[in-house]
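Let's take a walk through this one together, starting with the open spaces and moving on to the charged pairs. Keep the viewer open as you read.

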Amino acid sequence: MNERQRISSGAKWEPIVGYSRAVKVGDRIYVTGTTALGEDGDIVGIGDAYEQAKQCLRNIEMSLKRLGAGLEHIVRTRMFVTDISRWEEYGRAHGEVLGDVMPATTMVEVSALIDPRMLIEIEADAEL
């Protein structure tokens with residue numbers, strides 16, 4: 001059986017909901033839905049769909065690095081957005097960061113995220 005390795009981001013929601021920022025099992029890494037929180041815990045890019053998407057991807061990259069992986073290991077992303085009409089802004093950020101990787105991806109509009117100022121949440125799966 002593969003050992004499970006977990007990391008935390010320190011987000012206030014983790015202990016309440018009971019989840020980890022990322023979980024590595026064998027050669028697979030699953031990164032939880034990640035929002036545009038900066039290192040100070042504040043949302044980066046209020047009102048800016050592109051900048052929030054970039055911050056989500058920066059946060060995902062940091063999580064992957066802590067588990068010995070990089071963006072090049074991502075095989076799938078899922079983007080949950082509050083306004084699908086802004087798909088080009090989210091997509092441009094995703095393409096700039098992952099255009100060489102070309103993971104399978106999904107973008108779905110949701111009615112809300114945990115904070116109304118959050119415009120996007122991204123999950124990622126990676127394989128080493």
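Before we look at any pocket lining, a word on classes: Ala, Val, Leu, Ile, Met, Phe, Trp, Tyr, Cys and Pro count as nonpolar, Asp, Glu, Lys and Arg as charged, and the others, Gly among them, as polar. With that in hand, the lining of the largest pocket divides into three nonpolar, 10 polar and four charged residues. Bear in mind that what you're looking at is a predicted model.

How much space does the largest pocket hold? About 350 Å³. It has 17 lining residues, and those closest to the centre of the pocket are Ser9, Leu37, Gly38, Asn59 and Met62. If you want one element to colour here, pick helix 2 (residues 49-66), which gives the most to this lining, with five residues.

Now for the second largest pocket, with about 170 Å³ of space. Helix 1 (13-17) and strand 3 (28-34) are the elements that give two or more residues to the lining of this pocket. To find the spot, select Ala11, Trp13, Val17, Tyr19, Arg21, Thr32, Gly33, Thr35, Leu37, Ile114, Met118 and Glu121, which line the second largest pocket. Sorted by class, that lining has seven nonpolar, three polar and two charged residues. Leu37 is worth a second click: this residue is among those closest to the centre of the largest pocket, and Leu37 also lines the second largest one.

On to the charged pairs. How many salt bridges are there? The count comes to nine, taking a side-chain nitrogen of Lys or Arg within 4 Å of a carboxyl oxygen of Asp or Glu as the rule. One of them joins Glu96 to Arg92, with the closest N and O atoms 3.8 Å apart. Why can these two pair up along a helix? Glu96 and Arg92 are four residues apart in helix 3 (residues 87-98), so about one helical turn separates them. Glu96 is partly exposed, at 45% relative accessible area, and Arg92 is partly exposed too, at 44%. There's also a third partner to add to your selection: Lys54, Arg92 and Glu96 are linked in a network of salt bridges.

Next, pull up Glu89 and Arg86, whose side chains meet in a salt bridge with an N to O distance of 2.9 Å. Glu89 has a relative accessible area of 26%, making it partly exposed, and Arg86 is partly exposed as well, with 22%.

The pair of Asp115 and Arg117 also forms a salt bridge, at 3.0 Å from N to O. Is each end buried or partly exposed? Asp115 is buried, with a relative accessible area of 16%, whereas Arg117 is partly exposed, at 45%.

One last stop, away from the charges: Ala69. Look for this residue in the loop between helix 2 and strand 4 (74-81). Ala69 counts as buried because its relative accessibility is 9%, and the cut-off for buried is under 20%. Which residues does Ala69 touch, not counting those up to four places away in sequence? They are Ile29, Leu64 and Leu128. For a distance to check in your viewer, try Ala69 and Ala124: they're 55 residues apart along the chain, and 12 Å separates their C-alpha atoms.

Methods
Residues are numbered from 1 along each chain as its sequence is written. This is a predicted model: local features need pLDDT of at least 70, side-chain atom pairs count only at pLDDT 80 or more; totals for chains, interfaces and linings use all residues. Side-chain values use heavy atoms; hydrogens and water are left out. Buried means under 20% relative accessible area, exposed over 50%, partly exposed in between (1.4 Å probe, protein chains only). On a 1 Å grid over the protein atoms alone, a cavity is a set of points where a 1.4 Å probe fits but cannot get out, and a pocket is an open set with protein on both sides within 12 Å along at least five of seven lines; lining residues have an atom within 4 Å of a point. Grid points are joined across faces, edges and corners, and a volume is the space filled by probe spheres set on the points. Contact means heavy atoms within 4.5 Å.
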